[in-house]
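Here are my notes on this structure, set out as numbered points. Please read them with the coordinates open.

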Amino acid sequence: RDANQFNATGHGMSNGDVVQLTTTGTLPTGTATGTDYYVVNKTDDTFELSTTRGGTPLTLSSDGTGTHTVDHQGGYRDNVALCIADYMTTPKNMGGYGVSWSKINTSILIESANICDESVVIHDDGTTQARYFIGGSFTTDSNPADILKQMASTMAGWVEEIDGLWYIEAGQYKTPSMTITENEFRDVVSTVLDKPMRESFNSVRVVTRTNESEFQPTPDESVEALDKFDVTPNHTTGTFTATAHGKNNGDRVRFISWDGTAIDNDNLPTGIDQSVWYYVVNKTTKAFQVSFEKDGAAVAFSDNGTGTIRAFHDIYLSRDAERRVFDTEMALVNDSTLSRRLGLIQLKKARQGTSAVLPLKLGTADACCFDLRTGDTIRWIDNHKSFWETTSGKSIVSMASDGTVTDTAHGLS
């Protein structure tokens, strides 16, 4: 080791490669075994390490003792963004897309790769997994555009060429790159849902190919958009109490019993079935009852159950009244938890997808001088101090001679 550099003659690694460290003694202070590090600032015979891809090098305060070994984990592993870049830069005669590295926006690629590596909590017990990862296979004689679309779907993102440069974007909220206020509009903003509610689905069932199914297409559990809240049952009054629960008569809910580490539905109140979607009836500000039918008689239960009784409200089923399931296959997802997370993203995009036309005044600073690309977010504010944020769905947002700016938007929130 020299300062913060590791010396290894002809190591052959590249910036962004993943390594782990082991030692016969003690590692340099600032590093640990069993931890993934990313190679940065590499030369032919030296390199530094960072905890994030393309990030700040580690500061090492000692050399440690013994012999240190670098376990090269590889450059890509299951990081979606980097696997896409690898496929895109593989020559066509070797089954790739044949794009030069110089044609890929590497700063966006590094940003997307780090998003993929982020840990997200997937369970109440604190269990985490990487935000996005890829697993599966495809044949190189498939349509390259279809392969890219499949790969990008595993990170809820997209791949697009803009002005000769390729952008590999992982799905994540971005801070608005511009804000438009009421004073800059010359007319009322018009918005329309991409798909009428009556044609929208309210549940997604993802078909995956996991290790458990020996990579055969297997439908997973359906995914719904749920909000959860804890309730206190009272079998004497037949009510469930939850302060400011915000539910309306006719909303759809179901229940589970949670003991702090696992679901144990044998502990639900007797008479309540965890598999049933009930209708909310007789709601007050702090309590409600449930029924098998809309506006029907309240269900009676004979005890209060044990453990934490948790209610789940199906947001879209409550609006639609009937279940509508959309089946989708994710051929490059080999994990059922990730497939459900991606299915939920797909569901919310389908339900919230909105197109907008922003009629701006000519001559305003924001109206004249901006250029948005896919993935950029803009915010507009009306005189009631409410605001909308929308993600651009076009490479260039166009402005007509009358000042109208047209933006195909996705995911209004």
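1. Start with the second largest pocket. Helix α5 gives the most to its lining, with five residues. The model is predicted, and the pocket should be read on that footing. The space in the second largest pocket comes to about 1100 Å³. Its lining counts 23 residues, and I122, L226, K228, F312 and R340 are the closest to its centre. The elements that give two or more residues to the lining are β6, β13 (218–223), β14 (226–234), β16 (252–258), β19 (308–314) and α5.

2. What is the make-up of that lining by class? The lining of the second largest pocket has 11 nonpolar, nine charged and three polar residues.

3. Next, the largest nonpolar core. It holds 38 residues. Those that touch the most other members are I84, M88, Y132, M151, M155, V159 and I168. Two or more residues come from each of α1 (80–89), α2 (106–117), α3 (144–153), β9 (165–169), β12 (203–208) and α5 (336–352). The biggest giver is α1, with eight residues. Apart from this core lies another, of 16 residues, with F240, L268, V280 and V290 among them.

4. I168 deserves a look of its own. Neighbours within four places in sequence aside, I168 is in contact with A81, I84, A85 and M88. Its other contacts on that basis are I104, I108, L109, S112, M155, W158 and V159.

5. Now the charged pairs. Side chains of opposite charge can pair when their charged atoms come close. How many salt bridges does a search of the whole structure find? The search finds eight.

6. One of these salt bridges joins the side chains of R131 and E118, at 2.9 Å from N to O. R131 lies in the loop between β7 (128–130) and α3, and E118 in the loop between α2 and β6 (119–121), so the pair ties together parts 13 residues apart in sequence. Are the two partners buried or exposed? R131 is partly exposed, at 22% relative accessible area. E118 is partly exposed as well, at 28%.

7. A second pair to check is D327 with R205. Their closest N and O atoms are 2.7 Å apart. D327 sits in strand β20 (residues 325–329) and R205 in strand β12, so this salt bridge ties together parts that are 122 residues apart in sequence. D327 is partly exposed, with a relative accessible area of 42%. R205 also counts as partly exposed, at 30% relative accessibility.

8. Stay in β20 for T328, which is found in that strand. Is T328 buried or exposed? T328 is buried, because its relative accessible area is 14% and the cut-off for buried is under 20%. Between T328 and R205 the C-alpha to C-alpha distance is 6.4 Å, although the two are 123 residues apart in sequence. Leaving aside neighbours within four places in sequence, T328 is in contact with V204, R205, V206, V207 and Q346.

9. Last, a buried pair. D320 and R324 form a salt bridge, their closest N and O atoms being 3.3 Å apart. Both D320 and R324 are buried. Through shared partners, salt bridges join D320, E322, R324 and R351 into one network.

Terms used:
Residues numbered from 1 in each chain as written. Predicted model: local features only at pLDDT ≥ 70, side-chain atom pairs only at ≥ 80, totals over all residues. Heavy atoms only, no water. Core = buried A, V, L, I, M, F, W, Y, C linked by side-chain atoms within 4.5 Å. Buried < 20%, exposed > 50% of the residue type's maximum accessible area, 1.4 Å probe, protein only. Helix = DSSP H or I, 4+ residues; strand = E, 2+ residues; numbered from the N terminus. Contact = heavy atoms within 4.5 Å. Salt bridge = Lys/Arg side-chain N within 4 Å of Asp/Glu carboxyl O. 1 Å grid on protein atoms, 1.4 Å probe; cavity = no way out; pocket = protein on both sides within 12 Å on 5 of 7 lines; lining within 4 Å. Points joined across faces, edges and corners; volume = space filled by probe spheres on them. Nonpolar A, V, L, I, M, F, W, Y, C, P; charged D, E, K, R; others polar.
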